[in-house]
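Please look over the sequence and the coordinates before reading on. The paragraphs that follow move from a single residue outward to the cores, a sheet, the ring pairs and the disulfides.

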Amino acid sequence: MDLVGEPRIFSESSSEMSGSSVLCFVLLSVTALRGHARFLEVQENEMSPEGLLSLLSSELKRELPEEFVYRRALRCLDMVAVEGQFTFTAERPQLNCGVFFIGEPSDIISIQYDSVNIDCRGGDFIKVFDGWVMKGEKFPSNQDHHLPLYERYSDYCETGAARPIVRSSQNVAMLFFRLHQSGSSFTVTFRKLMNPFPCNVVSQTPEGSFTMVIPQQHRNCSFSIIYPVEIQIGELSLGQHNDLKRSILGCAGSGDFVELLGGNGMDTSKMFPMADLCYSFNGPVQMKVGCDNTVVRMVSSGKFINRVSFQYRLLGHQELQQMKGNSVEDVCLRA
């Protein structure tokens with residue numbers, strides 16, 4: 001049954017975490033077009049958390065020889081993390097479908113249309129979105145993406161063969177489609193391309209490490225971990241910016257800083273600030289964030305080469321129970 005409302009995010013987990021209770025149920029966002037409207041109307045379909053976790057886990061575990069091309073059929077609701085060729089064939093009208101693509105932090109996503117057999121005039125569509133749509137919010141947020149919102153959608157029915165390959169700006173992308181007739185189909189090839197300076201990233205796993213570098217660019221970059229985690233920052237370098245005279249303005253007034261955010265959505269402008277860091281240091285600074293989503297976000301003025309290195313690990317059930325009395329955790333639970 002289709003439910004009208006805000007879309008929710010796919011959650012992911014390794015096979016070891018298949019029984020984790022810290023992940024809330026998740027809903028896949030899907031979209032529909034009406035008339036000649038340029039923007040999408042969002043609906044949602046339900047899927048069990050176990051089903052979503054198994055989808056991502058099965059994709060991440062595939063190891064194939066390089067000389068073979070991985071091929072499989074797409075589901076109406078799907079997650080794709082392994083390169084290959086994917087085909088969807090409608091056995092009945094499919095009006096609200098979507099596929100989440102994800103790569104490693106240093107990847108960008110390439111989606112190539114190999115063949116398309118749909119009726120654009122009859123209301124069918126295939127759209128690629130540069131990022132993810134989650135809980136009615138978008139990642140990267142509008143303030144952190146270099147393109148205006150309308151340019152982040154690529155509609156096959158508008159571009160056709162003129163744009164057979166669509167590339168994302170970060171390691172995640174989405175494909176929305178609506179097919180009215182049985183037998184309608186399309187085939188796409190998913191590839192991962194190297195990104196020398198990853199900016200906005202969604203982590204595939206609840207544990208790991210990452211170094212974010214912004215080379216004298218005026219931009220904001222976020223690293224999103226869709227789990228409650230402990231963050232440990234080992235190094236923060238903000239170029240030559242250590243002007244103590246500006247401290248009265250706070251980190252936001254410095255122009256170059258890192259903030260830790262927590263929340264149950266993905267739009268960084270709607271998340272709760274946990275800590276601001278605007279002075280270079282070496283040595284561990286750590287914080288536990290008990291929210292569904294934890295973000296390390298760097299704001300850069302473009303005057304310096306900014307760098308932050310951090311590690312993160314999943315919080316255990318006992319740790320989360322101990323945090324329930326914490327005011328920050330209460331805010332996250334109410335959000």
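Which residues does Phe223 touch, not counting residues up to four places away in sequence? In this predicted model, Phe223 touches Pro105, Val201, Ser203, Phe210, Met212, Thr294, Val295, Val296, Phe310 and Tyr312. Several of these names return below, and Phe223 is therefore a convenient place to begin, given that the largest nonpolar core lists Phe223 among the residues with the most contacts inside it, together with Ile231, Ile233, Leu236, Val308 and Phe310.

That core has 28 residues, and the elements that give two or more residues to it are strand E17 (208-215), E18, E19, E20, E21, E22, strand E23 (293-299) and strand E24 (305-314). With five residues, E19 gives the most to this core. As a background to such a grouping, nonpolar side chains in soluble globular proteins tend to be buried together. A second core, separate from the one just described, has 27 residues, including Val82, Ala90, Cys97 and Phe101; of these, Cys97 and Phe101 come up again, the former in a disulfide and the latter in a ring pair.

The sheet that contains E18 can be followed next. Five strands make up an open sheet in the order E16-E18-E23-E20-E21, and the pairing within it is mixed. Strand E16 (201-202) and strand E21 (272-277) are the edges of this sheet, and because each has a single partner strand, one side of each is left without a neighbour in the sheet. In general terms, the strands of a sheet pair through backbone hydrogen bonds, in either a parallel or an antiparallel sense. For E16 and strand E18 (residues 220-225) the sense is parallel, and the pairing runs over two bridges. Within this sheet Val201 stands opposite Phe223 in E18, and Val201 is also among the residues that Phe223 touches.

Phe223 leads on to the aromatic rings as well, since ring pairs link Phe210, Phe223, Phe310 and Tyr312 into a cluster. The other three members of that cluster, Phe210, Phe310 and Tyr312, are likewise included in the contacts of Phe223. Over the whole structure the count comes to 13 aromatic pairs. One of them is formed by Phe101 and Phe190, whose ring centres are 5.1 Å apart and whose planes make an angle of 50 degrees, an arrangement classed as tilted. This pair links distant parts of the chain, with Phe101 in strand E7 (residues 94-102) and Phe190 in strand E15 (residues 185-194), 89 residues apart. Both Phe101 and Phe190 are buried. For Phe177 and Phe186, the centres are 5.0 Å apart and the planes stand at 75 degrees, so the pair is edge-to-face. Phe177 counts as buried because its relative accessibility is 0%, and Phe186 counts as buried because its value is 1%.

How many disulfides does the structure hold? There are four, and three of them are followed here. Cys76 is joined to Cys97 with an S to S distance of 2.0 Å, and because the torsion about this S-S bond is about -100 degrees, the disulfide is left-handed. The link spans distant parts of the chain, from Cys76 in the loop between strand E4 (71-73) and strand E5 (77-80) to Cys97 in strand E7, 21 residues apart. Cys76, at 16% relative accessibility, counts as buried, and Cys97, at 0%, also counts as buried.

Cys199 and Cys221 form a further disulfide, with their sulfur atoms 1.9 Å apart, and a torsion of about -100 degrees about the S-S bond makes this disulfide left-handed too. Because Cys199 lies in the loop between E15 and E16 and Cys221 in strand E18, the pair ties together parts that are 22 residues apart in sequence. Cys199 counts as buried at 4% relative accessibility, as does Cys221 at 2%.

In the disulfide of Cys251 and Cys278 the sulfur atoms are 2.3 Å apart, and the torsion about the S-S bond is about -70 degrees, so this disulfide is left-handed. Cys251 is in the loop between strand E19 (229-238) and strand E20 (257-263), while Cys278 is in the loop between E21 and strand E22 (281-289), 27 residues apart. Both of these cysteines, Cys251 and Cys278, are buried.

Conventions: Residues numbered from 1 in each chain as written. Predicted model: local features only at pLDDT ≥ 70, side-chain atom pairs only at ≥ 80, totals over all residues. Heavy atoms only, no water. Pairing = 2+ DSSP bridges. Helix = DSSP H or I, 4+ residues; strand = E, 2+ residues; numbered from the N terminus. Phe/Tyr/Trp six-rings, centres within 6.5 Å; stacked < 30°, edge-to-face > 60°. Buried < 20%, exposed > 50% of the residue type's maximum accessible area, 1.4 Å probe, protein only. Disulfide = S-S within 2.5 Å. Core = buried A, V, L, I, M, F, W, Y, C linked by side-chain atoms within 4.5 Å. Contact = heavy atoms within 4.5 Å.
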